[in-house]
Amino acid sequence: MSKPKYYITTAIAYTSGKPHIGNSYEIVLADSIARFKRAEGYDVFFQTGTDEHGQKIELKAQDAGITPKEYVDNVSGTIRGLWDLMDTSYDKFIRTTDEYHEKQVQKMFKKFYDQGDIYKGSYEGMYCTPCESFWTESQLVDGKCPDCGREVKPAKEEAYFFKMSKYADRLIEHIKTHPEFIQPVSRKNEMMNNFLLPGLQDLCVSRTSFKWGIPVDFDNRHVVYVWLDALTNYITGLGYDVDGNHGENYRKYWPADLHLIGKDIIRFHTIYWPIFLMALGEPLPKQVFGHPWLLQGDNKMSKSRGNVIYADDLVNFFGVDAVRYFVLHEMPFENDGNIGWDILVERINADLANTLGNLVNRTISMSNKYFGGVVENRNVTDTVDEELKAVAVSAVTKVKNKMNELRVADALTEIFTLFKRCNKYIDETEPWVLAKDEAKHDRLATVLYNLTESICIGATLLESFMPSTARKITEQLNTSIRTLDELNTFGLYPSGSRVTDKPEILFARLDAKEINEKVEAMYAARNAEAATAEPAAAEEEDDSITIEAKPEITYDDFAKLQFQVGEIIACEEVPKSKKLLCSKVKIGKEVKQIVSGIKQHYSAAEMVGKKVMVLVNLKPATLAGVLSEGMLLCAEDAEGNLALMTPEKKMPAGAEIC
């Protein structure tokens, strides 16, 4: 009987630079799902890779003094090295500069053009650079971008466009009849209410303002724009062919069972991508899951904020499996998770060193101390044994159910519930007391057997999430990883087996102060190295930007502006806007309502409680139908990332900024 098929993908990583731990989380999450599906008996194909075209890469290559291909070769190699470091079991690593992929993208573009899905036109209107959006004069609010409230400039560029509206009704019907297609449900509601139901605009699918892209072979002034290029990797990587001569893997694995992506790109994967597939006449993926972000403190990680943590740094401090455990366990199903050096130490000490590591070490050590390492079931039972066994044999069903819902953090919690129950069992049975009474040695042997068997069950379940740790545990117990079906039966550990006489410490307790000192030393050394680097190298790493200068003003002009510290006491999303948040800001004893185009950078929940810099005497304006009585000040980098301006020291709401 052939195995059921399962095709899972991650978003391909953009090769503009080294990915941070938030990016690395996705590959670990996908790997845990892929491994668990294999354990369930599926024939799994797991694909990841790199997205390597675009204007940003062209500019970065120019700054580095190398060709774009040389640039992406270097960065793609770095990314693949990180994925390998994190012990991920992908089957295919695709690059969008792969020759086969590029040829198929050109053929798709021509097919769409020939069947009337693509037409030549031009971008023309008022352009908002941060939003990457064109607007007509009538759409502007007070002459500014209706989404973010910032300045716009006239722009025009020839381009090819894809007729999205042609397939919109069909996509809406598909989403309505396939409720599992977009997960979590909140993402589905966002796509339907904010994009599909109001009406789709045609999508730009080519550019002429840069050259680093796949050429449109029948119009060489154009290159294929990013999303048509990048999204199609999910089928070209399997051997899809526009002419129908598909490779074996495409015939075998498509449609995909799961596209695992970040929530910030779900629109592209649930609107543009299925429409492209409809135009190709191919089946749609079964499910797209938009996972939340892993935040550093309250903020999304970015170089401009200076809060980037990299996977290899964490591995150097804590080891691969500790990092895998943390990012999988700390990320909720739908809400953003948090990462930081202190919380990592806390979680490793509590869960890995105490709950798991100490359990395994104590159990093996007691078997060696009392029975020379031999673990034997002498069947001297008590009611407390049945409680432990019930938790152990029910764990596999609970974990399966959580994994089927993609609730990976909850699945890990179920496994550690078993380990915690084992620790409680030790406290309840008190093996050290039983050891003092020769008449109770059979009971003691049974207790240690029950512990060993329960740990074996837990280790098998743990293998998908912490593969190296699971193998270390079973090796020390002189056994192997089981099948998931075998976990429904308690007592499969061979009675009379001998555990190792030298148990390994799986996770040592960490000293938070010592770790913090090492982290500070690491960053200090890097800063010192950057400061003493060769001038050319320093320029390459310089992320400072230059903006167009505005006309000089006098002090009297400046004095007309009133800046104060405000405290955000409430915040909510503006209905039917993808960019706007509406904040209630306390300034002294007054509360102002301020609308800001920062929804892509901050959630409404994380805004509450922040102290911010406010321009308080700005003339009120209406944005997306909501009154705004001031402006929150932000810094913006070259990539459009925003950071709220906040006071360096504690300041009261209402304090004047001068």
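**Close-up 1. Leu 561 and a nonpolar patch at the surface.** Leu 561 lies in the loop that runs between helix α21 (555-559) and strand β19 (563-573). Like every view in this set, this one comes from a predicted model. Is Leu 561 buried, partly exposed or exposed? With a relative accessible area of 39%, Leu 561 is partly exposed. Together with Ile 553 and Phe 558, Leu 561 makes a nonpolar surface patch of about 270 Å².

**Close-up 2. Gly 566, a buried residue of strand β19.** Let us move on to Gly 566, which has its place in strand β19. Gly 566 counts as buried because its relative accessibility is 0%, and buried means under 20%. Which residues does Gly 566 touch, leaving aside those up to four places away in sequence? The contacts are Val 585, Lys 586, Ile 587, Lys 610, Lys 611, Val 612 and Val 614. You can also look for Val 591: Gly 566 and Val 591 are 25 residues apart in sequence, and their C-alpha atoms are 9.0 Å apart in space.

**Close-up 3. Ile 33 in the largest nonpolar core.** In soluble globular proteins, nonpolar side chains tend to be buried together. Here, the largest nonpolar core has 102 residues. Which members touch the most other members? They are Ile 8, Ile 21, Ile 33, Leu 314, Phe 318, Leu 461 and Phe 465. Take Ile 33 as your starting point: not counting residues up to four places away in sequence, Ile 33 touches Tyr 6, Ile 8, Leu 258, Leu 260, Met 403, Leu 406 and Val 408. A second core, separate from this one, has 54 residues, including Tyr 253, Ala 279, Leu 280 and Leu 284.

**Close-up 4. Asp 51, a buried residue without a salt bridge.** Asp 51 sits in strand β3, which covers residues 43-51. Asp 51 is buried, yet has no salt bridge. How far away is the nearest side chain of opposite charge? That side chain belongs to Lys 56, and the distance is 9.7 Å. Beyond residues up to four places away in sequence, the contacts of Asp 51 are Ile 12, Ala 13, Tyr 14, Thr 15, Ile 57, Thr 96, Val 226 and Ala 230.

**Close-up 5. Two cis peptide bonds and two positive phi angles.** Most residues other than glycine have a negative phi, and most peptide bonds are trans. This view gathers some exceptions. The peptide bond from Gln 183 to Pro 184 is cis, with omega near -5°, and Pro 184 is in the loop between β8 (182-183) and α6 (185-196). The bond from Trp 254 to Pro 255 is cis too, with omega near 10°; Pro 255 is in the loop between α9 (248-253) and β12 (258-262). As for phi, Asn 379 has a positive value of about 55° although it is not a glycine. Asn 379 is in the loop between β17 (374-375) and α14 (383-404), and counts as exposed at 57% relative accessibility. Glu 430 has a positive phi near 50°, and is found in the loop between α15 (408-429) and α16 (431-434). At 35% relative accessibility, Glu 430 counts as partly exposed.

**Close-up 6. Salt bridges within a helix and across the chain.** Side chains of opposite charge can pair when their charged atoms come close. How many salt bridges does the structure hold? The number is 35. One of them joins Lys 110 and Asp 114, at 2.9 Å from N to O. Both residues are in helix α4 (residues 99-114), and being four residues apart, they are separated by about one helical turn. Another salt bridge joins Lys 166 and Asp 117, at 2.7 Å from N to O. This pair links distant parts of the chain, 49 residues apart: Lys 166 is in helix α5 (residues 165-177), and Asp 117 is in the loop between α4 and β5 (118-128). Lys 166 is partly exposed, with a relative accessible area of 47%, whereas Asp 117 is buried at 0%.

**Close-up 7. Arg 347 paired with Glu 330.** The closest N and O atoms of this salt bridge are 2.6 Å apart. Arg 347 belongs to helix α13 (residues 341-371), and Glu 330 to the loop between α12 (320-329) and β16 (337-339). Arg 347 is partly exposed at 22%, while Glu 330 counts as buried at 14% relative accessibility. Elsewhere, salt bridges that share partners join Asp 31, Arg 35, Asp 87, Arg 324 and Glu 463 into one network.

How values were computed. Residues are numbered from 1 along each chain as its sequence is written. This is a predicted model: local features need pLDDT of at least 70, side-chain atom pairs count only at pLDDT 80 or more; totals for chains, interfaces and linings use all residues. Side-chain values use heavy atoms; hydrogens and water are left out. A nonpolar core is a set of buried Ala, Val, Leu, Ile, Met, Phe, Trp, Tyr and Cys residues joined through side-chain atoms within 4.5 Å. Buried means under 20% relative accessible area, exposed over 50%, partly exposed in between (1.4 Å probe, protein chains only). Contact means heavy atoms within 4.5 Å. Patches are made of residues with over 30% relative accessible area and no salt bridge: like charges are joined within 9 Å, nonpolar side chains (Val, Leu, Ile, Met, Phe, Trp, Tyr) within 5 Å. Accessible areas come from the Shrake-Rupley method with a 1.4 Å probe; for residues, only the protein chains shown count as cover. A salt bridge is a side-chain nitrogen of Lys or Arg within 4 Å of a carboxyl oxygen of Asp or Glu. Lys and Arg count as positive and Asp and Glu as negative; His and the chain ends are not counted.
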